[in-house]
Structures are given as C-alpha cells and as structure tokens.
Amino acid sequence: MTEHVWSYKSTSGHLAGTDLTGYKVEAVDGSIGKVDKHSDEVGDAYLVVDTGVWIFGKEVLLPAITVISVDPDERTIHVDRTKEQIKNSPEFHRDKHLGDADYRAQLGHYYGPAGPFGGPIA
C-alpha cells in the first residue's frame, strides 16, 4: 500500500502535535537546513525548510512522505532524498505556493512514486 505523499510514514517516529520548528534537516548526503514551518494535518503534512547558506535565501517545501525519521533528542529530521534532488525540486515561494493546489500537485508528483526519481531512494 502506498502512503499518501502529504502524510508521515507510520515508521517515521513523528508524533502529531510535536513542534518541529528549528529541527535540523538531513538529506541522505548531508544537511539542508532547519525547519521554519511545518504542518501535521492529516493529508496535508509538510516541512518548510530554510536552506540558509546551502541555497542562499531559499526555502524548500518537503512533503511529509520524505521524512524517514524524527529524532527529538537530537532535534533532527532525516529525509530520504539527496541534496541534489531537493535542490532540483520545483521552486518554492512561501507567499505564492503554500496554499496553491496546483503547486502541491506538481510537488506531489515530483516526490511521489511516479516522480523523476521513482519515489524514495531509501
């Protein structure tokens, strides 16, 4: 059964209601930044990651399905994509895209099983 792209995997260790703001985000090949905003809503869960100096002045939106583990002790979230895959995702502008259904569909396709990388690499 394929889990919805906007839902956390049951194995991620994410507990609804946990404030993830400020958590470090690690791709499979290194750090990508810190969580600036997130949502736990069922069917609409995501992370907005401030990439800091990695992609200067940019944020990325990661659907919850990309989260493979949440470590509350280390305040770290691990995602199942490479830095390059995240960098090449559809460009995100918070004011324009956060509530945009068309952008969500585009991002869902990019990160989903039918996307350019065939879904998760891990």
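Read from the N terminus on, the chain runs β-β-β-β-β-β-α-α-α, which amounts to 3 helices and 6 strands. Helices (H or I, at least four residues) and strands (E, at least two) are DSSP runs, numbered from the N terminus. This is a predicted model, with local features needing pLDDT of at least 70 and side-chain atom pairs counting only at pLDDT 80 or more, while totals for chains, interfaces and linings use all residues. Residues are numbered from 1 along each chain as its sequence is written, and side-chain values use heavy atoms, with hydrogens and water left out.

Some chain-wide numbers set the scene. Buried residues account for 45% of the 122 residues; buried here means under 20% relative accessible area, exposed means over 50%, and partly exposed is in between (1.4 Å probe, protein chains only). The accessible surface comes to about 6,400 Å², and carbon and sulfur atoms hold 51% of that. These areas come from the Shrake-Rupley method with a 1.4 Å probe, and for residues only the protein chains shown count as cover. As for contacts (heavy atoms within 4.5 Å), take those between residues at least 6 apart in sequence: 54% of them join residues at least 24 apart.

Next, the inside. In soluble globular proteins, nonpolar side chains tend to be buried together. A nonpolar core is taken as a set of buried Ala, Val, Leu, Ile, Met, Phe, Trp, Tyr and Cys residues joined through side-chain atoms within 4.5 Å. The largest one here has 30 residues, and the members touching the most others are Leu20, Leu47, Leu61, Leu62, Ile77, Val79 and Ile86. Two or more residues each come from strand 1 (24–27), strand 2 (30–39), strand 3 (46–50), strand 4 (59–63), strand 5 (67–71), strand 6 (76–79) and helix 3. Val79 makes a handy example: leaving out residues up to four places away in sequence, Val79 touches Val25, Glu26, Ala27, Val28, Leu62, Thr66, Val67, Ile68 and Ile86.

Two strand residues show how the sheet-forming stretches of sequence meet other parts of the chain. Ser69, in strand 5, is partly exposed at a relative accessible area of 25%. Its C-alpha lies 7.1 Å from that of Val79, with the two residues 10 apart in sequence. Setting aside residues up to four places away, Ser69 touches Ser12, Thr76, Ile77 and His78. Lys34, in strand 2, is partly exposed as well, at 48% relative accessibility. Beyond its neighbours within four places in sequence, Lys34 is in contact with Gly22, Tyr23, Lys24, Val25, Val48, Val49 and Asp50. Lys34 and Ile77 are 43 residues apart along the chain, and their C-alpha atoms are separated by 9.0 Å.

A backbone oddity turns up at Arg75, in the loop between strand 5 and strand 6. Its phi is near 55 degrees, a positive value in a residue other than glycine. Arg75 is partly exposed, with 38% relative accessible area.

On to helix 3, where Tyr103, Arg104, Leu107, Gly108, Tyr110 and Tyr111 are buried. Seen down the helix axis, these buried residues fall within an arc of 160 degrees, so they line one face; the arc is that of the directions from the helix axis to the C-beta atoms. They pack against strand 3, strand 4, helix 1 and helix 2. Ala101 and Asp102 are exposed, on the face turned away from the buried side.

Helix 3 also brings in the aromatics. A pair of aromatic rings is described by the distance of the centres and the angle of the planes. Rings of Phe, Tyr and Trp (its six-membered ring) pair if their centres lie within 6.5 Å, and planes under 30 degrees apart count as stacked, over 60 as edge-to-face and the rest as tilted. By that rule there are 2 aromatic pairs. Phe92 and Tyr103 make a tilted pair, 6.0 Å centre to centre with 35 degrees between the planes. This pair links distant parts of the chain, 11 residues apart: Phe92 is in the loop between helix 1 (83–87) and helix 2 (94–97), and Tyr103 is in helix 3 (residues 101–111). Phe92 is buried at 5% relative accessibility, and Tyr103 is buried at 3%. Tyr110 and Tyr111 pair edge-to-face, at 5.0 Å centre to centre and 85 degrees between the planes. Tyr110 is buried at 11% relative accessibility, Tyr111 at 1%.

One charge–ring arrangement rounds things off. The charged end of Arg104 sits over the ring of Trp6, 4.8 Å from its centre. A charge counts as sitting over a ring if NZ of Lys or CZ of Arg is within 6 Å of the ring centre and within 35 degrees of the ring normal.
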